[in-house]
Amino acid sequence: MAKYVYNMETFREVERNYDNTKPIRGKGKNAGKVPIGCRTRPHEEIVKVNDNCYALYDETFWWWREHREKWAEHGQAAVLWTRDPKKNTESVRIRNCGVGTNAFCRTEFLYHFQPRSLIIAPAGSGHYAIRTGGEEYYLPKNVMCLDDNGAYLNQDHYTEYDGMDVTFTRSIGDRAWTLTSKRHFKPRPRVNKELKEQYKQGIGQTRDWMWSLAMVLQNTLTWKTCSDAKYALEARSASDIRGIIDDPDHPMRSTLATHILGNVYFNLAGGYVNGWGNDNAIQIVDHPARFRASFNRQVNYLCKFSEIKEVEA
């Protein structure tokens, strides 16, 4: 099956493509869809919202496709073209996806179907930006599908649009685009120093205590013990883990030590202790700097001292 490149550059091109493409016939699930390019890829379709708005969809978040008219402003459309006849302008809104395979499919879709003058470019570590006019504009990850606990939301829960995308506007006939939406920046971890300061003494004591146990516990850091420790801590809130760190007599201190030291050993050795005779080739106690750095990162994560925030470069 062919995968055509349809980098439609103007609103008029999108409109003409829609008008010149016959909808898929029949009674199947794809009946009535207007494909952007290849008719054997009907999930890549153009939806006419009105005479001045067209949405380009891929099949990312396909389980909500029947409910997309409920989403404010077609929130999950990969590309949304709009025209303002009064101002004689055209706009294109580009939306990223989340993580994993869906994210790769979305960026590939954008490569094939967003305007030629708006190039999707890697921004490092699975992130992407839109490049135009010699500048790069970070394309934020889609967070519309997750609640505060990272669970998927039911589509009926949407009440407003989240604005996690980029919109460019220009006068019809011009080539240069201007960013007219909020400018986003690549998220980076930022530590809540005031909150962490409250637990400074407990963190220091816990770090020294774990370091003193590193040699003793290393031979117990198997996949089973480390997995059990991980799942036990995942069942606890950040507040609970702060309590573990702050209380030298807490019954889950050893669980926390197994989890943190297990991650340190895994990063050093490339695996857990397996009993095959090479487990002593690498000793945690020979790498104090790596231990301290890993301990600090893990405590920041487990205790929610660090938050991922958009930070201007």
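Two strands count as paired when DSSP finds at least two bridges between them, and that is the sense in which pairing is used throughout this tour of a predicted model.

**The whole chain**

Start with the protein chain in a cartoon view, where eight helices and twelve strands can be traced. Of its 313 residues, 44% are buried, and the accessible surface comes to about 17400 Å², with 50% of that area belonging to carbon and sulfur atoms. If you display contacts with a separation of 6 or more, residues 24 or more positions apart account for 60% of them.

**A hairpin**

Next, select residues 119-124, which are strand 6, together with residues 127-132, which are strand 7; the two run antiparallel and are joined by five bridges. At one end of this pairing, look across from Gly-124, and you will find His-127 of strand 7 standing opposite. Two residues lie between the strands of this hairpin, and Ser-125 there takes a positive phi near 55°.

**The open sheet**

Now bring up the open sheet of seven strands, whose order is 1-2-3-4-5-9-10 and whose pairing is antiparallel. Strand 1 (34-35) and strand 10 (178-179) stand at its edges, and each has a single partner strand, so one side of each is left without a neighbour in the sheet. Inside the sheet, select strand 5 (residues 89-94) and strand 9 (residues 166-171), which pair in the antiparallel sense over six bridges. To follow one of these pairings at the level of residues, pick Glu-90, whose bridge partner in strand 9 is Arg-170.

From here, move to Val-79, which has its place in strand 4 (residues 79-84). Is Val-79 buried or exposed? Its relative accessible area is 0%, and because buried means under 20%, Val-79 is counted as buried. When its neighbours within four places in sequence are left aside, Val-79 is in contact with Tyr-54, Ala-55, Leu-56, Val-92, Arg-93, Leu-110 and Gln-114. A distance drawn from the C-alpha of Val-79 to the C-alpha of Asp-165 should read 9.8 Å, although 86 residues separate the two in sequence.

**Aromatic rings**

Show the side chains of Phe, Tyr and Trp next, among which nine aromatic pairs are counted. One of them is formed by Phe-109 and Phe-113, a tilted pair with 4.8 Å from centre to centre and 50° between the planes. Both residues belong to helix 2 (residues 101-113), and because they are four residues apart there, about one helical turn separates them. Phe-109 is buried, with a relative accessible area of 1%, and Phe-113 is likewise buried, also with a value of 1%.

Then turn to Trp-211 and Phe-291, whose ring centres are 5.1 Å apart and whose planes meet at 40°, so this pair too is tilted. The pair links distant parts of the chain, as Trp-211 lies in helix 4 (residues 200-217) and Phe-291 in helix 8 (residues 288-302), 80 residues apart. Trp-211 counts as partly exposed at 29% relative accessibility, whereas Phe-291 counts as buried at 1%.

Elsewhere, select Phe-11, Tyr-18 and Tyr-54 together, since these three form one aromatic cluster. Two rings also have a charged residue over the face: Arg-253 lies over Trp-209, at 4.8 Å from the ring centre, and Lys-304 lies over Tyr-301, at 5.6 Å from the ring centre.

**The nonpolar cores**

For the last stop, consider what is packed inside. In soluble globular proteins, nonpolar side chains tend to be buried together. The largest nonpolar core here has 28 residues, and those touching the most other members are Leu-256, Ile-284 and Val-299. Two or more residues of this core come from each of helix 4, helix 5 (223-234), helix 6 (238-246), helix 7 (253-269) and helix 8. Which helix gives the most to this core? Colour helix 7, which contributes seven residues and thereby the most.

Centre the view on Val-299 and, leaving aside its neighbours within four places in sequence, look for its contacts with Ile-203, Ile-245, Ile-260, Lys-304 and Phe-305. Apart from this core lies another, of 24 residues, including Leu-110, Leu-118, Ile-130 and Tyr-137.

Key. Residues numbered from 1 in each chain as written. Predicted model: local features only at pLDDT ≥ 70, side-chain atom pairs only at ≥ 80, totals over all residues. Heavy atoms only, no water. Phe/Tyr/Trp six-rings, centres within 6.5 Å; stacked < 30°, edge-to-face > 60°. Buried < 20%, exposed > 50% of the residue type's maximum accessible area, 1.4 Å probe, protein only. Lys NZ or Arg CZ within 6 Å of the ring centre and 35° of its normal. Contact = heavy atoms within 4.5 Å. Areas by Shrake-Rupley, 256 points an atom, 1.4 Å probe, with all protein chains shown as cover. Core = buried A, V, L, I, M, F, W, Y, C linked by side-chain atoms within 4.5 Å.
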